[in-house]
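Me: I'm in my first year and just learning to read protein models. Please take a close look at the salt bridges for me, and then show me how they sit among the other parts of the fold.

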Amino acid sequence: MKKINKENLITCIIILLFILILAPMIYISKYNYPSSDDYTYGIETHKKWNETHSLIEVIKTSIERTKNTFTEWQGSFTAIFLMTLQPSIFGEQYYWLTTILLVGIFVLSNLYLMKVILCDYLKCSRNIFLLVALSLITISMQFVPSAGESFYWYNGSIYYTFFYSIALILFGKVLKILKEEDSSKINTIIACILAFFIGTSNYCTALVCNIILALVEFIMIIKKDKKAINIGIILAICLTALMISVKAPGNSVRQAATSNKMSEINSIIYSLKFGKIFLEKWTTSINIIFYISLIPIMLKILKKMKYQFKMPILVTIITYGIFSAQLTPVLYAQNASFPPRLLCIVYYSMYWLVIINIFYWLGYINNKIEITEDKNSYRYCYIIILLIGIMCVTYNYKSSNSYIAIKSIQTGEAIRYKEQMEERIKKYKDKNIQDVEVEKIKEKPYLLFVSDLTENPEDWLNGLVRDFYSKNSVKIISRRFIKIIKR
């Protein structure tokens with residue numbers, strides 16, 4: 001009983017540590033403001049809200065904008081629909097909800113999938129589940145390539161991080177379907193809805209979801225499992241949704257404006273090459289310690305399993321292919337550099353896929369040489385993972401996002417950024433000013449700043465802000481003119 005109490009105490013400490021580490025990333029969101037394509041997709045809905053203050057009318061406008069975008073620019077219509085509903089269309093003071101939404105769905109989806117795997121399938125305790133899940137979430141969020149584009153910029157984060165999180169929930173539902181007879185119908189219905197939304201979201205997540213669902217369906221067919229029908233329906237919906245998105249008239253319009261399209265074969269080859277580059281780049285000392293800390297838990301689980309783990313090389317090849325496939329759509333469509341918001345979800349997926357590989361290879365090795373296990377060894381990982389929480393602050397601490405948030409707040413950078421943005425918004429909303437001139441943003445918090453206006457009123461972002469606030473023109477006043485005024 002004392003041992004159980006000790007484990008509960010350590011779990012409580014881990015939960016508290018998780019909250020403390022995450023808190024600065026949440027707190028800094030109060031200084032956040034819309035930028036870039038937030039205005040692109042929010043112009044019509046913002047105007048409609050100001051005219052009617054009717055949520056129903058806003059939704060109607062959102063649907064209309066989604067239809068137009070589908071035929072004129074892009075096929076991922078569920079994502080476009082959500083983009084038109086960015087929080088600042090109701091008022092800039094609500095934009096901080098972006099972070100609450102994105103962090104919330106990311107944390108909950110990771111917890112859900114990990115719970116299904118560890119508790120429902122592998123029969124681990126609640127303490128072990130929370131230990132592993134919260135450690136995974138912490139290390140993922142603290143060192144992600146661009147937390148700004150993953151949790152603070154609505155347009156970019158809703159397109160990638162949000163739908164990545166929805167995909168984790170979908171995989172959890174699929175696992176539930178495969179395991180539970182009684183709840184398979186309701187879980188199948190939920191999974192079908194999620195599959196449709198994912199299929200019409202960003203092409204990277206949609207492609208990978210279809211690949212994984214196809215693999216599961218193939219295994220079910222080989223095993224002659226009747227659940228192949230459930231998975232087949234989910235796959236059919238996800239694939240159909242993706243095809244509708246891909247065949248959208250707007251995609252042809254967009255690709256006609258892009259001269260750098262890569263061939264299908266080359267896009268696959270290069271995505272495999274880039275997959276290796278990113279995997280090497282993102283493998284750090286702290287990652288390795290995290291993986292090692294999970295080994296005692298894995299061995300304890302494996303001792304209770306009868307699975308043979310016969311094909312570790314094939315599993316590694318497949319998971320590496322899935323990891324790299326997330327890069328393929330961007331290479332194929334635009335032959336462009338990878339946007340940071342895309343790299344964020346590739347980074348998150350790395351942890352899941354590496355853990356799967358470690359577990360499978362350990363199972364294979366254990367079946368060959370029967371690895372001896374200390375009965376209490378899995379408890380050591382508590383200490384190791386507690387150290388990981390501390391290392392998120394001490395090891396390369398300046399690159400951890402919580403440290404960056406704290407530093408930005410302590411130095412006043414975030415506050416000054418907020419003041420500068422508030423000064424701009426006053427001018428944007430002043431009905432007596434139709435040609436707005438603003439000073440260039442001086443403070444550019446790493447987590448919050450995306451892009452700024454230019455001195456050219458015809459610049460694309462200037463035009464978006466102009467239309468969003470119904471002005472004649474918007475531009476940055478030149479430095480030379482500012483100096484003349486000051487003199």
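Reply: Here is a walk through the salt bridges, followed by their surroundings.

This is a predicted model, in which local features need pLDDT of at least 70 and side-chain atom pairs count only at pLDDT 80 or more, while totals for chains, interfaces and linings use all residues. Residues are numbered from 1 along each chain as its sequence is written, and side-chain values use heavy atoms, with hydrogens and water left out.

Let's set the scene. The protein chain has 22 helices and 2 strands; these are DSSP runs numbered from the N terminus, H or I with at least four residues for a helix and E with at least two for a strand. Of its 487 residues, 51% are buried. Buried stands for under 20% relative accessible area, exposed for over 50%, and partly exposed for what lies in between, using a 1.4 Å probe and protein chains only.

Now to your salt bridges, of which the structure holds 14. The term means that a side-chain nitrogen of Lys or Arg is within 4 Å of a carboxyl oxygen of Asp or Glu.

Start in helix 3 (residues 55-72), where Lys60 and Glu57 sit 3 residues apart, about one turn of the helix. Their closest N and O atoms are 3.5 Å apart, and the two form a salt bridge. Glu57 is partly exposed, at 28% relative accessible area.

Helix 13 (residues 264-282) has a pair with another spacing: Glu280 and Lys276 are 4 residues apart, again about one turn. In this salt bridge the closest N and O atoms are 2.7 Å apart. Lys276 has 47% relative accessibility and counts as partly exposed. Some salt bridges also share partners, and in this way Lys115, Asp120, Lys176 and Glu180 are joined into one network.

Why do such spacings work inside a helix? An α-helix has 3.6 residues a turn, so residues three or four places apart point the same way.

A salt bridge can also reach across the chain. Glu149 pairs with Arg341, with 3.1 Å between the closest N and O atoms. Glu149 belongs to helix 7 (residues 147-152) and Arg341 to helix 17 (residues 340-369), so this pair ties together parts that are 192 residues apart in sequence. Glu149 is buried at 16% relative accessibility, whereas Arg341 is partly exposed at 24%.

Helix 7 also holds Phe151, and this residue leads us to the nonpolar core. A nonpolar core is a set of buried Ala, Val, Leu, Ile, Met, Phe, Trp, Tyr and Cys residues joined through side-chain atoms within 4.5 Å. The largest one has 136 residues, and Met141, Phe151, Leu170, Ile234, Tyr348 and Tyr428 touch the most other members. Leaving out residues up to four places away in sequence, the contacts of Phe151 include Met25, Leu102, Phe106, Met141 and Tyr348; a contact means heavy atoms within 4.5 Å. Of the contacts in the chain with a separation of 6 or more, 80% are between residues 24 or more positions apart.

Another core member, Ile234, is one of the buried residues of helix 11, alongside Ile231, Leu235, Cys238 and others. Seen down the axis of helix 11, the buried residues fall within an arc of 165°, so they line one face; the arc is that of the directions from the helix axis to the C-beta atoms.

Let's return to helix 3 to finish. Glu64 is found there too, partly exposed at 42% relative accessible area. Glu64 and Glu44 are 20 residues apart in sequence, with 9.4 Å between their C-alpha atoms. The loop between helix 2 (37-52) and helix 3 contains His53. His53 is not a glycine, yet its phi is positive, about 50°. His53 is exposed, with a relative accessible area of 53%.
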